[in-house]
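Let's take a walk through this structure together, starting from one residue and then widening the view. Have your viewer ready.

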Amino acid sequence: MKAGFIGSGNMGGAMMRGIIASGKCTEDEIMASDAVAGALTAVEKDLGILTSTDNKIVTSFADVVFLAVKPEYYQSVIEEIRDLVTWDKIIVAITPGKSLAWLEEMFIKPVKIIRTMPNTPAMVREGMMGMCPNDNVTEEEIALVRDLCSGFGKTELIGEELMDVAAAVSGSSPAYVFLFVEAMADAAVAEGMPRAQAYKFAAQAVLGSAKMVLDTGMHPGELKDMVCSPGGTTIEAVRVLEEKGLRSAVFEAVKACAEKARRM
């Protein structure tokens, strides 16, 4: 199977790196294009994949075409490649705010489309991707694309009405987590810990905590209670976080992100 990426920036590059590292495709089974020459040169040198400055060549080459460009470029890119998108090709759209109906309208003819929302932890093969196929994509083709994308993380099929929620709780949320890690590390530095060590302590704590949620299946509140000994240090810290509105701030941030995605 051959994969094509129109757009080779942070997201596209992360996905390609995971696909190659996992053995889902070899370097000569992936081709990328990009409007920014420097980005294309970087992925060619870093990953050893095939590259082209022509989106049409990438489309003709690939069985699965990932559209990894910014939302404002979607219409022009689709107008450029749509005559080359045959029934045997699958389009994987990576963008907020562009519905399946809109994408189908842009292609004019019936096309196999999977709307997705990945996130940047794909760079370390720990990504999370929500996927929503249109009616033209078969179960076998969905399984094929999910297997390909498993090279850089986990996938979940969701209804299209949840795509903007996925953007908020997964696509954008690494930024929230990075803020949290940075804040914890800054506080540790203020208490005398060297910065590099503070980042390691904070990041590993977040990584391990997330793994506990996934591996144990326990409710996050239950896991929190396990750490909070009566009259102890942790419950005092939790009291301050509640007082400062951490839970409410996160809630409102996710809602604001989802609302912004709906307007795009």
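A good place to begin is Lys 2, which, apart from its neighbours within four places in sequence, is in contact with Glu 29, Phe 61, Ala 62, Asp 63 and Val 64. Keep in mind that what you see is a predicted model. Lys 2 sits in the segment before β1, the strand of residues 3-6. With one of its partners, Glu 29, the C-alpha to C-alpha distance is 4.7 Å, although 27 residues separate the two in sequence. Is Lys 2 buried, exposed or something in between? Its relative accessible area is 37%, so Lys 2 counts as partly exposed.

Now zoom out to the protein chain as a whole. It contains 12 helices and eight strands, and its C-alpha trace spans about 65 × 40 × 30 Å along the principal axes. Of its 264 residues, 38% count as buried. The accessible surface amounts to about 14,400 Å², and carbon and sulfur atoms contribute 59% of that. Links between distant parts of the sequence also show up in the contacts: among those with a separation of 6 or more, 63% join residues 24 or more positions apart.

With the overall picture in place, let's turn to how helices pack. Two packed helices are described by the angle between their axes and the distance between the axes.

Take α1 (residues 10-21) and α2 (residues 37-47) to start with. Their axes lie 11 Å apart, and the packing angle is about 15°. Because angles under 35 degrees count as roughly parallel, α1 is roughly parallel to α2. The crossing of α1 past α2 is right-handed. On the α1 side the contact is formed by Gly 13, Met 16, Arg 17 and Ile 20, and on the α2 side by Val 43, Asp 46 and Leu 47. Sorted by class, this contact holds four nonpolar residues, one polar and two charged.

Next, look at α8 (residues 173-190) and α9 (residues 195-216). Here the angle is about 135° and the axes are 8 Å apart, which means that α8 is oblique to α9. The crossing of α8 past α9 is right-handed. From α8, the contact involves Val 177, Phe 180, Val 181, Glu 182, Met 184, Ala 185, Asp 186, Ala 188 and Val 189, while α9 supplies Arg 195, Ala 198, Tyr 199, Ala 202, Ala 203 and Val 206. Which classes do these residues fall into? In the contact of α8 with α9, 12 are nonpolar, three are charged and none is polar.

Conventions: Residues are numbered from 1 along each chain as its sequence is written. This is a predicted model: local features need pLDDT of at least 70, side-chain atom pairs count only at pLDDT 80 or more; totals for chains, interfaces and linings use all residues. Side-chain values use heavy atoms; hydrogens and water are left out. Axes are lines fitted to C-alpha atoms, for helices over the stretch in contact, and angles run from 0 to 180 degrees between N-to-C directions. Helices (H or I, at least four residues) and strands (E, at least two) are DSSP runs, numbered from the N terminus. Angles under 35 degrees count as roughly parallel, over 145 as roughly antiparallel, 65 to 115 as roughly perpendicular and the rest as oblique. A crossing is left-handed if the near helix is turned anticlockwise from the far one by less than a right angle, and right-handed if clockwise. Contact means heavy atoms within 4.5 Å. Ala, Val, Leu, Ile, Met, Phe, Trp, Tyr, Cys and Pro count as nonpolar, Asp, Glu, Lys and Arg as charged, and the others, Gly among them, as polar. Buried means under 20% relative accessible area, exposed over 50%, partly exposed in between (1.4 Å probe, protein chains only). Accessible areas come from the Shrake-Rupley method with a 1.4 Å probe; for residues, only the protein chains shown count as cover.
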